[in-house]
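Please look over the model below before reading on. My notes follow as numbered points.

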Amino acid sequence: MNIQYGSIKEFKQRDMVQYLAQLGHEPQRISNQDYWYLSPLREEKTPSFKVNRQLNVWYDHGIGKGGNLIDFGLLYFNCSIRDLLDRLSLQPLSPALSFHPPSLAVEKKDRSDGKVLILESRSLSDKSLLTYLDRRTIPLNIADRFCREVDFLLYGRKYTVIGFPNKAGGYELRSQHFKGSSSPKDISFIDNSTDEVVVFEGFFNFLSFQTINNSKQAPLTNCLVLNSLSFFEKSRSLMEKHKQIHLVLDNDNAGRKFTAQALQWSNRYIDRSDFYKGSKDLNDWLIHDHNKVRKGLRTKGP
């Protein structure tokens, strides 16, 4: 992706409140144009992360940092500007911003509009979603084991997407034209009662792992899908309950940084990114090298 000034300027204009809702973060209270959150950048019990919707800027009082949506995204995903713009390009544009503050009465009326409201879930059947799965080289029988077809509302518009449940009852939500999540945001853990775990950043990489190993008869290792790298350090105790921890993180700056950090924590962590070397992530490898699937991604030593 070529980084252009126009693209960065466009992304800065996205509504921070809606963007946080897509990431699964909801305001704890609203005072005029100030939206207060439990900080998405760290753990806390009292909301100290503020978004001024009129100015479309944020400030985290706990760390003394603030800025626009780009500044937030770089901290939240711990990635480069190029990686962030790639992520933002996968998400739909927010409605055009109006910097004229609505009356408090209107603000209260519209508070629920920016929240992802799950309407219904069912087995996968929508043709456009099945086409999307096919483009990402995920068989329906694999996706149907772990995902649901989900209808939800956001800003009065209904979406139908693939939903991947997390352990807190929320969903990661994906389609060709939408990338977001419902609240609460959390990790997903698939417990196969083994003493090894494979760690993924996103659920399409997890589905790719299942696809690659589909022919195996024995149960696979436990699987941890972070759903956001912001959960990596928070999941350390869960990961280290296992004798071996296989890291299948994205081949970008953020993924490499967290992999390097984990390798310093303990020799139980194993970097498996050599398997998809030269690809953005495991799903990207699967899309372009699916004829090699029969080789499988081994979680045992060489």
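1. What strand order does the open sheet of 5 strands have, and is the pairing parallel or antiparallel? In this predicted model, the order is 1-2-3-4-5 and the pairing is antiparallel. Strand 1 and strand 5 (65-67) are the edge strands; each has a single partner strand, so one side of each lacks a neighbour in the sheet. From one strand to the next, the twist averages 15°. As a reminder, strands of a sheet pair through backbone hydrogen bonds, in either a parallel or an antiparallel way.

2. At one edge of this sheet, strand 1 pairs with strand 2 in the antiparallel sense, over 3 bridges. One residue pair can be named here: S31 has D34, in strand 2, as its bridge partner. The loop between strand 1 (29-31) and strand 2 (34-37) holds N32.

3. N32 deserves a look at its backbone. Its phi is positive, about 55°, although N32 is not a glycine. Is the residue buried or exposed? N32 is exposed, because its relative accessible area of 51% lies over the 50% cut-off.

4. A second residue with a positive phi is N78, where the angle is near 50° and the residue is again other than glycine. Where does N78 sit? The loop between helix 3 (69-77) and helix 4 (81-89) contains N78. With a relative accessible area of 25%, N78 counts as partly exposed, a class that lies between the 20% and 50% cut-offs.

5. The peptide bond to check by eye is the one between S183 and P184. This bond is cis, with omega about 0°. P184 belongs to the loop that runs between strand 10 (179-181) and strand 11 (188-190).

6. Some totals for the chain as a whole. The protein chain has 11 helices and 15 strands. How much of the chain is buried? Of its 302 residues, 49% count as buried. The exposed area of the protein chain is about 15000 Å², and carbon and sulfur atoms supply 48% of that area.

7. Last, the contacts along the sequence. Taking contacts in the protein chain between residues at least 6 apart in sequence, 62% join residues at least 24 apart.

Methods: Residues numbered from 1 in each chain as written. Predicted model: local features only at pLDDT ≥ 70, side-chain atom pairs only at ≥ 80, totals over all residues. Heavy atoms only, no water. Helix = DSSP H or I, 4+ residues; strand = E, 2+ residues; numbered from the N terminus. Buried < 20%, exposed > 50% of the residue type's maximum accessible area, 1.4 Å probe, protein only. Contact = heavy atoms within 4.5 Å. Areas by Shrake-Rupley, 256 points an atom, 1.4 Å probe, with all protein chains shown as cover. Pairing = 2+ DSSP bridges. Axes fitted to C-alpha atoms, helices over the stretch in contact; angles between N-to-C directions.
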